[in-house]
Amino acid sequence: MAANQSFIKHNSQVNSNTLLVEASGLALLSKTLLDNSILGSELCIPKVLAVNKNQLEIEYIQSLRPSDSHFKTLGVGLAKLHTIQQPHFGLEHDNYIGLNPQPNCISHNWGQFFYQYRLQFQVSLIADSHVKQRFQWLLHTHQAKLIEFLNSSCGSPSLVHGDLWSGNVLFDKQRVWLIDPAVYYADSEVDIAMTEMFSGFDAAFYQAYQTVRPFTAQYPIKKRIYNAYHYLNHYNLFGDNYFAGCEQGLGMIEVL
């Protein structure tokens, strides 16, 4: 709700620290952008006014329908964030992707990290034992070539938003705001992939992004693999409507 120019988000899970790590993610994004003179120039992060396990209070954003100019600003700002080289992959602490846990560690092997802490972990959550066993077999069988492919097509680690769909970007009259992050250090193209998972962002976003940071030649393949993580997460949270996306993304691993 909006009150005194603030927005209050309540925790739907008892004894969960989801809001605390969300505030931590907002702080990390804000600090990284500020330290590199990006905060406010293209991207904005709402200020955390108060947080505890039960609720998160942030500054209120009067959101509007975005224009091409907004999407260009988002593209340039996100590319600048991704261009900042980070010392490692992963994150020092676990967080969440939606309502599911997102485990992390510090890693210098991107392919191994994504295999173990993203795909393998989500597959381990699957309730249907037959589906779980089939996906586990697929991952195990193609583990080596998946890890090699991801490592060979990824440069230095970048700080990523981690859950970058249209509902987590807001636009006011002049600025672009990132909310609800699931941050970690990763191949920057995990963020770009998720923007295409549903209806996609405006073409102006992708054009502006690539003026600063062109996509890799392997992006069309990586996009399907990276989004398999989010399809698995949605399948675990919301059910069979997302199963086909899981199969398509994991099936891409078989043909690497």
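**Exercise 1. Place histidine 234 in this predicted model: which helix holds it, is it buried or exposed, and what does it touch?**

Solution. Start with the secondary structure: histidine 234 sits in helix H8, which covers residues 219–238. Next, check the accessibility. The value for histidine 234 is 12%, and the cut-off for buried is under 20%, so this residue goes down as buried. Last, look up its neighbours, skipping residues up to four places away in sequence: histidine 234 touches Met197, Phe198, Gly239 and Tyr242.

**Exercise 2. Do the same for leucine 81: which helix is it in, is it buried or exposed, and which residues does it touch?**

Solution. Helix H2 (residues 68–83) is where you'll find leucine 81. Its relative accessibility is 0%, so leucine 81 counts as buried. Leaving out residues up to four places away in sequence, leucine 81 has contacts with Leu29, Thr32, Leu33, Ile38 and Leu159. For a distance to go with that, take leucine 39: it is 42 residues from leucine 81 along the chain, and their C-alpha atoms are 9.5 Å apart.

**Exercise 3. Where does alanine 27 lie, and what separates its C-alpha atom from that of tyrosine 235?**

Solution. Alanine 27 belongs to helix H1. With 44% relative accessibility, alanine 27 is partly exposed. Now jump 208 residues along the chain to tyrosine 235: the C-alpha atoms of the two residues are separated by 29 Å.

**Exercise 4. What is unusual about phi at serine 37 and aspartate 180, and where do the two residues lie?**

Solution. First, the background: most residues other than glycine have a negative phi. Now hold serine 37 against that. Its phi is positive, about 60 degrees, and it isn't a glycine. You'll find serine 37 in the loop between helix H1 (18–35) and strand S3 (43–44). Its relative accessible area is 63%, and the cut-off for exposed is over 50%, so serine 37 is exposed.

Aspartate 180 is the second case: again not a glycine, again a positive phi, this time of about 50 degrees. It is located in the loop between strand S12 (176–178) and strand S13 (184–186). The accessibility of aspartate 180 comes to 25%, so it counts as partly exposed.

**Exercise 5. How many aromatic pairs does the structure hold, and how are the rings of phenylalanine 89 and tryptophan 110 arranged?**

Solution. The count is 19 aromatic pairs. For phenylalanine 89 and tryptophan 110, the ring centres are 5.4 Å apart and the planes make an angle of 35 degrees. Stacked would need planes under 30 degrees apart and edge-to-face over 60, so this pair is tilted. The pair also links distant parts of the chain, 21 residues apart: phenylalanine 89 is in strand S6 (residues 89–90) and tryptophan 110 in helix H3 (residues 110–124). As for accessibility, phenylalanine 89 is buried at 7%, and tryptophan 110 is buried at 1%.

**Exercise 6. What is the geometry of the pair formed by phenylalanine 205 and tyrosine 209, and which cluster do these residues belong to?**

Solution. This pair has 6.3 Å from centre to centre and 45 degrees between its planes, and it is tilted. Both residues are in helix H7 (residues 203–212), four residues apart, so about one helical turn separates them. Phenylalanine 205 is buried, its relative accessible area being 0%. Tyrosine 209 is buried too, at 1%. Zoom out, and both turn up in one aromatic cluster made of Phe71, Phe171, Phe201, Phe205, Tyr206, Tyr209, Phe215 and Tyr219.

**Exercise 7. How many helices and strands does the protein chain have, and what does its radius of gyration say?**

Solution. Count the elements: nine helices and 13 strands. The radius of gyration is 18 Å, close to the 18 Å that the globule rule gives for 256 residues, so the chain is as compact as a globular protein of that length. Along the principal axes, the C-alpha atoms fill a box of roughly 55 × 45 × 35 Å.

Then go inside. Of the 256 residues, 49% are buried. Among contacts with a separation of 6 or more, 73% join residues 24 or more positions apart.

Finish at the surface and the charges. The chain exposes about 11900 Å², with carbon and sulfur atoms supplying 51% of it. There are 17 positive and 21 negative charges, and their mean positions lie 2 Å apart.

Conventions:
Residues numbered from 1 in each chain as written. Predicted model: local features only at pLDDT ≥ 70, side-chain atom pairs only at ≥ 80, totals over all residues. Heavy atoms only, no water. Buried < 20%, exposed > 50% of the residue type's maximum accessible area, 1.4 Å probe, protein only. Rg over C-alpha atoms; globule rule 2.2 N^0.38 Å. Contact = heavy atoms within 4.5 Å. Areas by Shrake-Rupley, 256 points an atom, 1.4 Å probe, with all protein chains shown as cover. Lys, Arg positive; Asp, Glu negative; His and termini not counted. Charge placed at Lys NZ, Arg CZ, Asp CG, Glu CD. Phe/Tyr/Trp six-rings, centres within 6.5 Å; stacked < 30°, edge-to-face > 60°.
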